[in-house]
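Student: I should like a close look at one part of this structure, starting from a single residue and working outwards. Please give it as one connected account, with the surroundings included where they help.

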Amino acid sequence: MQPPIEHIVIVGGGTAGWMTAAALCHIFEHTSLKVTLIESDQIGTVGVGEATIPHLRYFNQRLGINEAEFMQATNATYKLGIDFINWGQKGESYLHPFGEFGKSIDGVQFHHYWLKYRESYPASVLFDYSLPSVAALKGRFDYPSRDPRSLLSSYSYAFHIDATRYASFLRAYCEPKGVNRIEGKIVDIQRDGSSGDIQVLTLESGQRICADFFIDCSGFRSLLLGNTLQSRFDSWAHWLPCNHAIAIPTEKFGTPKPYTKAIAHSAGWQWQIPLQNRVGNGHVFCDDFMDTSEAESILEQSLPSAPLANFNNIRFTAGRREQTWKNNCVGIGLSSGFLEPLESTSIYLIQVAIMKLIELFPRKAGSASLREEFNQQMRLEYERIRDFLILHYSATRRDDSDFWNHMRTLDRPDSLKLRMETFQETGYVDHYEQGLFLVPSWIAVYIGQGIIPKNYAPEVDEKENTQISQMMSHFHTNIKNAAESLNTHKQSLERLNTSN
Ligand code: FAD
């Protein structure tokens, strides 16, 4: 048996670094594994990343974190989905929900029945058959039911969080479990002459830190994986050209909505993320089509409330490092890749990388096959998200700016082309067992942005039109009533504050 890894060093104390440290110190709590985290106050963190998807709940649960404590510590609100405004066409909107549309009947997905129904009732809106969509827009939130027979079990939820506070919360979780935090700037990295493995990190203070294994959570700098180990960056800027974001927090505005807003503008889009105590705002755009001052002015004019800070300008390139695990180093977080935050996927990708690393945890001598497996799985995760994000720009009828004309007509990856053609022809959505964005998400974006298939599944004709109409009307009423039976988001947040 090869000896186990004795010492891991995590470089970086942003969301990625502290999530990684928390998972390692919890899962290996009763082993001799030593975990050190190095972060630099002088460099700081990226300071954005507030919208999450439901998977974060499972991460916190696995670590034994109490949800109410986590929400209070991070000023969190609940999130039932994302409201996409002006994407299919200016003036249109749809809410991509964390949940199902209707219910599959005899193995046929609900949207096929809806497609037939709308032939007779063209004004019918698919999103009226999604409880989380209807509830979110009514400002309602309650925990889903655990009874799978209940309509109230047909959705999930996530959070809007203050990511800086999440990192501090996790630090407070980690340190009592033995994680050794070192503050300081790494100025030199030494590698083994024959294997190329990383051996020693040297801080500005002169302190030298050795370890068997390193996790690069150094953000866009990609200090170990990119700079030192030269893992090649595969740019996807030709498909996702937005490359600049301006972020700014503003004062709390009314009751926080239980959803994120993603408002398309003429060369990108704007986010609004309501926290308990403030709103996170930002404008993501492509600077080939818009200059910074115009992007700032668009954001300034559409802020919901008074600014609490100056603009934070962040530049990025969409893409990923081809080898996220190279030699004795794994990159987690922005150091390994970034796709624009349109569907709040970065924290999810951090979580997936941590969990896969733990599943494939190496021994001291490492293993080429584990590395290969990890890299393949991460590539698949990234590519699926990439295609889903491109879909938002491809499935548009907007022709009101050079940016939208470019995005609407750009050559898509073959994997996405096939998916889109199949859906347009048949209404069929290819599904995978694991990974992000299952059938309801694809349907939400297709139909929400005006892609209506030419055909529906032939099995639908087994049912009479009257049967389908009755079923639709039944669902519609039940969803409306269920949404109205839920607590308001405000009540749910208040309950949270009285639960401790
Ligand atoms: P960072 O936060 O940049 O942390 C890097 C760490 O490395 C810091 O502690 C820094 O001090 C340290 N470091 C770097 N160099 C050195 C050195 N030489 N010596 C010592 N320490 C060093 N994700 C979501 O899931 N939802 C969102 O809504 C979302 N919105 C986003 C919006 C924008 C505009 C951007 C750019 C990203 C967004 N993300 C979002 C992504 C999210 O912000 C990141 O995935 C997350 O914050 C993790 O960042 P990180 O920890 O990898 O890097």
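Tutor: The account below begins with one residue and its strand, then turns to the sheets and domains elsewhere in the chain. The model is a predicted one.

The starting point is Leu-37, which belongs to strand 2, residues 34–39. Is Leu-37 buried or exposed? Leu-37 has 26 C-beta neighbours inside 10 Å, and a residue with 20 or more is classed as buried, so Leu-37 is buried. Beyond the four places on either side of it in sequence, Leu-37 makes contact with Ile-10, Gly-13, Gly-17, Ala-21, Val-179 and Arg-181. A further relation across the sequence involves Cys-217: this residue is 180 residues away from Leu-37 along the chain, yet their C-alpha atoms are separated by 9.6 Å.

One of those contacts, Ile-10, leads directly to strand pairing, for Leu-37 in strand 2 is the bridge partner of Ile-10. Strand 1 and strand 2 are paired in the parallel sense, with five bridges between them. The connection between the two strands passes through helix 1 (residues 15–27), and this β-α-β crossover is right-handed. Another bridge partner in strand 2 is Lys-34, which is matched with His-7.

Strand 1 itself covers residues 7–11, and because four of these five residues are buried, the strand is largely enclosed by the rest of the structure. Strand 1 also pairs with strand 11 (residues 213–216), again in the parallel sense, over four bridges. Within strand 11, Phe-214 is the residue that stands opposite Val-9.

Strand 2 has a further partner in strand 7, residues 180–183; the two run parallel and are joined by four bridges. Here Glu-39 faces Glu-183 of strand 7. Arg-181, already listed among the contacts of Leu-37, falls within the residue range of strand 7.

Next along the sequence is a small group of strands arranged as an open sheet. Its three strands follow the order 8-9-10, with antiparallel pairing. Strand 8 (186–191) and strand 10 (208–210) form the edges, each pairing on one side only. From one strand to the next, the twist averages 20 degrees. The pairing of strand 8 with strand 9, residues 198–203, is antiparallel and comprises five bridges. Arg-191 is placed opposite Ile-198 of strand 9.

For the wider setting, the chain is divided into domain 1 (7–76 + 161–236 + 318–383), domain 2 (99–154 + 398–485) and domain 3 (244–315). The C-alpha centres of domain 1 and domain 3 are 27 Å apart. Contacts between these two domains involve 12 residues of domain 1 and 14 residues of domain 3. On the side of domain 1 that touches domain 3, there are six nonpolar, three polar and three charged residues.

A second sheet completes the picture. It is an open sheet of seven strands in the order 5-4-14-15-16-13-17, and its pairing is mixed. Strand 5 (93–97) and strand 17 (312–315) are the edge strands; each has a single partner strand, so one side of each lacks a neighbour in the sheet. The average twist from one strand to the next is 20 degrees.

Within this sheet, strand 14 (residues 260–265) has five of its six residues buried, and it is therefore largely enclosed by the rest of the structure. Strand 14 pairs in parallel with strand 4, residues 81–85, over four bridges. Two facing pairs can be named across this pairing: Ile-85 stands opposite Ile-263, and Phe-84 stands opposite Ala-262. Helix 8 (residues 292–301) packs on the sheet, where it touches strand 13 (244–251), strand 14, strand 15 and strand 16 (278–285), and its direction makes about 150 degrees with that of strand 16.

Strand 14 also pairs with strand 15, residues 268–274, in the antiparallel sense over five bridges. These two strands form a hairpin that has two residues between them. Ala-264 lies opposite Trp-269 of strand 15. Finally, helix 13 (residues 439–448) lies across strand 4 and strand 5, and it runs at about 175 degrees to strand 5.

Key
Residues are numbered from 1 along each chain as its sequence is written. This is a predicted model: local features need pLDDT of at least 70, side-chain atom pairs count only at pLDDT 80 or more; totals for chains, interfaces and linings use all residues. A residue is buried if 20 or more other C-beta atoms lie within 10 Å of its own, exposed if 12 or fewer, and partly exposed in between; C-beta atoms are placed from the backbone. Two residues are in contact if their C-beta atoms, placed from the backbone, lie within 7 Å. Two strands pair if DSSP finds at least two bridges between them. Axes are lines fitted to C-alpha atoms, for helices over the stretch in contact, and angles run from 0 to 180 degrees between N-to-C directions. Domain bounds come from an automatic or database domain assignment. Ala, Val, Leu, Ile, Met, Phe, Trp, Tyr, Cys and Pro count as nonpolar, Asp, Glu, Lys and Arg as charged, and the others, Gly among them, as polar. A crossover is right-handed if, with the strands pointing away from the viewer, the path from the first strand over the helix to the second runs clockwise.
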